[in-house]
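Here are my notes on this one, written as numbered points so you can check each against the viewer. I start with the helices and then move on to the odd backbone spots.

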Amino acid sequence: MRKVNSHIILFCLVFLVLSSCSTTRTVPEGDRLYTGSEVKWVTDTVAKKKPKDYSTLVDGMNKRIRPNRNRKFLGMPIKLWLYNLGNEPKGKGLNYLLRKKWGEPPVLLSQAKPEYTSKVLEEYLADNGYFQADLVSEVKNSGKKKASIQYTATPNHRYTIKSVTYLTDSSAIGKTVTYTKEESSLIVGANYSLDSIKAERERIHAALKEQGYYYFTPDYLIVQVDSTNRGTVDLFVKIKDNTPLLALRPYRMHDISLFPDYSLDNDSASTLGTPVRYKGIYIVDSARRFKSSAFDRSVFLRPDSLYRLSSHNITLQRLINLGVFKFVKGQFSPVRDTSIHRIVGGSPNATGPGGQGRRDRDSSGRKDSTNRTAGRRDATYSRDTTLASNYRAMVNNRVSLDSGWLDAKFYLTPYKRRSLQAELRGTSKSNGFIGSQISLTAKNRNWLHSAALLEIGLTGGMEWQTGNKSAGGSNSYGLGGQVAVTFPRFLTPFRGLNIRTPYVPKTRISAGYELYSRADLYNLNAYTLQLQYLWQRTQYLSHIFSPVALTYVLPTKTTPAYDSILVNDPSQRNAIEKQFILGGNYTITYNNQQANRIHSFYLSGNVDISGNLAGLVVPKNDTGQKTILGNSFAQYGRFTAEARHYWQLGKGKQWINRLLLGYGLPYGNSSTLPFVKQYFTGGSSSIRAFRARTLGPGSYHNPKVDSSVLLANEAGDIKLEFNSEVRIHVASVFNVAAFVDAGNIWLQKDVPDKPGSKFTSSFYKDIAVGGGIGLRVDASIVVVRLDLAMPFRVPYLPEKERWVFNKINFSDPEWRKKNLVLNIAIGYPF
């Protein structure tokens with residue numbers, strides 16, 4: 001006790017020393033400590049209200065204010081205090097640490113430039129349509145040594161877009177720009193915004209790149225603004241007069257070459273070798289690391305086809321997503337004589353026209369809605385290019401440009417073919433179990449020289465119980481192994497199946513074995529075999545289809561101790577019964593979460609079916625069961641859907657809502673879902689006010705769940721769950737949360753031993769509700785989460801006593817023991 005008190009006293013003394021240290025001790029005479037700035041917004045005299053994007057505008061202004069004040073932690077300038085505790089260092093002692101390592105010098109008022117900053121903020125408002133905005137600054141002194149700055153913004157009238165005109169001609173490039181104007185980022189009636197003008201230039205640039213204009217850049221476009229229309233603007237979009245012919249000519253592809261063994265350490269030698277022509281492309285691989293077929297479905301640029309930005313980007317992404325190359329660099333160069341093939345030699349770092357070794361950013365190219373080819377010649381135009389050197393000369397002299405030609409070379413630097421990875425994990429569960437697991441994974445990234453990934457993994461772990469003995473059970477260990485091969489293509493009976501996306505479609509075949517042993521209770525052996533197809537249609541939409549998913553669970557040992565548990569809860573027998581699952585499943589996921597989105601969504605759906613095809617062809621035996629090799633197989637349909645909504649309420653504030661629905665329908669051989677396919681609830685990522693697997697099904701509750709003679713393993717065929725959580729950033733890596741969880745699980749059929757567990761039309765009466773507060777330490781690499789929850793509604797109490805707000809009593813230790821649940825976990829719950 002004395003030791004604890006001494007630590008508290010020491011902490012208080014340190015805190016008093018720091019807090020008593022003046023923050024202005026090192027501020028020079030005649031200067032002040034700069035404590036920050038604020039923006040005051042004077043309401044528009046015409047609209048007389050703040051704009052809809054007010055918070056965005058003010059946030060943008062605050063980001064442009066310089067300098068930033070001294071950093072604070074939990075509202076305290078600790079780094080400044082530490083700096084002020086020291087003196088100018090003369091060596092590497094304590095003063096050096098305080099001043100150079102731990103501390104932060106004071107930010108001075110003299111470092112701020114209010115007049116310059118006011119002009120920056122005024123320009124920012126003009127870029128957002130406030131052409132007549134006024135910005136004034138005022139220094140506000142505080143005490144003898146501190147000062148802040150207030151910037152007062154009077155935005156006045158906001159200009160909107162009255163019209164958008166495209167000043168183009170009838171040349172091929174002019175027509176291409178005109179055809180795409182329906183997709184313009186400049187909307188009549190919208191607020192004027194410099195960002196929307198930049199977006200329009202990027203859009204036109206992408207559209208032209210999709211029609212072969214490889215050398216065209218956004219800088220060759222100009223948007224002229226006429227603001228003389230009483231609060232509105234007319235916008236005129238045009239190609240700059242001095243745009244060179246190089247950017248005005250559409251290009252077609254000539255030779256496409258791959259160098260899959262490129263190395264910076266051996267630049268010249270790795271680009272030499274005998275080119276192998278494969279389906280129109282050339283592969284130069286003197287070391288013969290890869291079979292030509294490894295690139296069969298990764299290159300979307302084709303000889304004699306029009307250059308398209310989308311094909312360029314898809315090719316780059318496909319080559320990267322093969323997973324065997326750590327660097328991919330593309331080089332495009334113009335071709336003067338198409339009879340010459342320059343396949344070998346060269347360097348991706350070469351300079352010159354078109355020799356830019358670059359990796360273009362992703363861009364969604366759009367096809368010409370009229371189906372015309374931008375490079376097609378206009379009959380009214382002359383072909384004498386000597387009359388033109390730029391866009392204006394081309395238009396005035398009516399010169400038509402023929403297509404040019406490009407060579408493409410892709411330099412690919414491979415990863416090491418083989419690797420060995422070791423991983424150590426620690427776990428902590430809400431049912432009182434802690435454990436550790438070690439995994440070893442050997443990888444071959446280029447198995448059979450086909451860019452296939454071969455993985456051989458071994459795992460072993462132990463789990464033991466500490467503290468919470470109410471969960472029942474005993475120490476356990478697990479051993480397992482898996483072999484998996486992932487091919488960067490679809491392996492199907494249908495030839496040539498290749499989705500046109502930047503993401504590599506994959507086929508994964510895996511087989512595994514796992515032994516799970518609970519000491520003094522039982523052993524379980526699990527065998528799995530799976531065939532999966534994985535692909536992404538877009539950045540946000542992904543699919544996993546498993547036409548073959550076999551699981552065979554075989555118990556090999558039960559003990560008298562486990563038999564005694566079965567006496568109290570016979571349903572526990574389902575957890576270790578022999579199970580043969582022969583089926584398939586499909587999962588679709590949509591996830592558009594991004595840091596700058598106000599509203600983001602996560603949607604997922606899963607269909608899992610077992611025994612339907614086998615059930616059609618396998619006859620019943622004498623016992624009425626259908627078997628394969630003497631083993632009865634499960635028959636069921638299982639459907640799961642999850643939806644999440646992420647709402648950014650402001651800086652550092654987020655509100656998340658989640659809904660999960662699960663429905664399982666056993667039939668034929670099965671009266672319930674296999675135990676490994678049933679739904680569970682409670683725990684750190686579910687209804688946190690109830691311990692894992694202790695809630696439900698329905699209003700059923702076994703009073704022996706709180707004793708060591710019963711395992712916490714309640715499961716159901718149907719699940720309904722809703723979670724709502726508000727997360728607030730406090731300081732540094734610390735976040736707090738407040739949450740409410742609700743839901744339950746149910747069974748499809750009556751079970752005499754579990755009254756109230758069946759799903760009925762009055763299911764809403766069985767809903768459990770809980771809530772609480774949480775602390776999250778978000779260090780980017782890992783998130784440590786602590787959630788303290790308590791029940792608000794307990795479904796297994798008498799119907800009129802299920803809401804328990806009136807029973808909350810924090811001063812009662814017995815109540816706290818039974819109702820306060822601390823969940824410690826890694827990562828966010830959803």
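Before the points, one cut-off: contact here means heavy atoms within 4.5 Å, and buried means under 20% relative accessible area. Keep in mind that this is a predicted model.

1. The overall picture. The chain has 830 residues, of which 45% are buried. DSSP-style counting gives 13 helices and 29 strands. If you take contacts between residues at least 6 apart in sequence, 67% of them join residues at least 24 apart.

2. H5, inside and outside. Which residues of H5 are buried? They are Pro114, Thr117, Ser118, Leu121, Tyr124 and Leu125. These residues cover an arc of only 120° around the axis, so they sit on the same side of H5. An α-helix has 3.6 residues a turn, so residues three or four places apart point the same way. Over on the other side of H5, you will find Glu115, Tyr116, Lys119 and Glu123 exposed.

3. H5, its neighbours and its end. The buried residues of H5 pack against H2 and three strands, namely S1 (33-41), S2 (134-142) and S3 (146-154). As for geometry, H5 has 14 residues and spans 20 Å from first C-alpha to last, close to the 20 Å expected at 1.5 Å a residue. Just after H5 comes Gly129, with a positive phi of about 100°.

4. H2 against H5. Zooming in on one of those neighbours, H2 (residues 54-64) packs on H5 (residues 114-127) at an angle of about 150°, and the axes are 10 Å apart. The crossing is right-handed. On the H2 side the contact uses Thr56, Leu57, Gly60, Met61 and Arg64, and these meet Thr117, Val120, Leu121, Tyr124 and Leu125 of H5. By class, that contact of H2 with H5 comes to six nonpolar, three polar and one charged residues. Thr117, Leu121, Tyr124 and Leu125 also appear in the list of buried H5 residues.

5. H3 against H4. This pair also packs at an angle of about 150°, with axes 8 Å apart, but the crossing of H3 and H4 is left-handed. H3 brings Lys79, Leu82, Tyr83 and Leu85, while H4 brings Leu98, Arg99 and Trp102. Sorted by class, the contact of H3 with H4 holds five nonpolar, no polar and two charged residues.

6. H9. How many of the 13 residues of H9 are buried? Eleven are, which leaves the helix mostly covered. The buried residues include Leu309, His312, Ile314, Leu316, Arg318 and Leu319. Among the elements covering them are helix H7 (194-209) and strands S7 (251-259), S10 (325-335) and S11 (404-414). H9 (residues 309-321) reaches 18 Å from its first C-alpha to its last, close to the 18 Å expected at 1.5 Å a residue. Gly323 follows H9 and has a positive phi, near 85°.

7. Positive phi outside glycine. Most residues other than glycine have a negative phi, and most peptide bonds are trans. With that in mind, look at Arg230, which has a positive phi of about 55° although it is not a glycine. Arg230 is in the loop between S5 (221-226) and S6 (232-239), and its relative accessible area of 84% makes it exposed. Asp304 is another non-glycine with a positive phi, about 70°. Asp304 lies in the loop between S9 (281-283) and H9; at 46% relative accessibility, Asp304 counts as partly exposed.

8. Cis peptide bonds. Where are the cis bonds to inspect? One joins Arg66 and Pro67, with omega about 0°, and Pro67 is in the loop between H2 and H3 (78-85). Another joins Gly696 and Pro697, with omega about -5°. Pro697 lies in the loop between S24 (653-666) and S25 (718-731).

9. A last loop. Ala595 is in the loop between S19 (579-591) and S20 (599-610). Is Ala595 buried or exposed? With a relative accessibility of 80%, Ala595 counts as exposed. The C-alpha atoms of Ala595 and Gln648 are separated by 9.0 Å, and the two residues are 53 residues apart along the chain.

Technical notes:
Residues are numbered from 1 along each chain as its sequence is written. This is a predicted model: local features need pLDDT of at least 70, side-chain atom pairs count only at pLDDT 80 or more; totals for chains, interfaces and linings use all residues. Side-chain values use heavy atoms; hydrogens and water are left out. Axes are lines fitted to C-alpha atoms, for helices over the stretch in contact, and angles run from 0 to 180 degrees between N-to-C directions. Helices (H or I, at least four residues) and strands (E, at least two) are DSSP runs, numbered from the N terminus. A crossing is left-handed if the near helix is turned anticlockwise from the far one by less than a right angle, and right-handed if clockwise. Ala, Val, Leu, Ile, Met, Phe, Trp, Tyr, Cys and Pro count as nonpolar, Asp, Glu, Lys and Arg as charged, and the others, Gly among them, as polar. The expected span of a helix is 1.5 Å times one less than its number of residues. Buried means under 20% relative accessible area, exposed over 50%, partly exposed in between (1.4 Å probe, protein chains only). The arc is that of the directions from the helix axis to the C-beta atoms.
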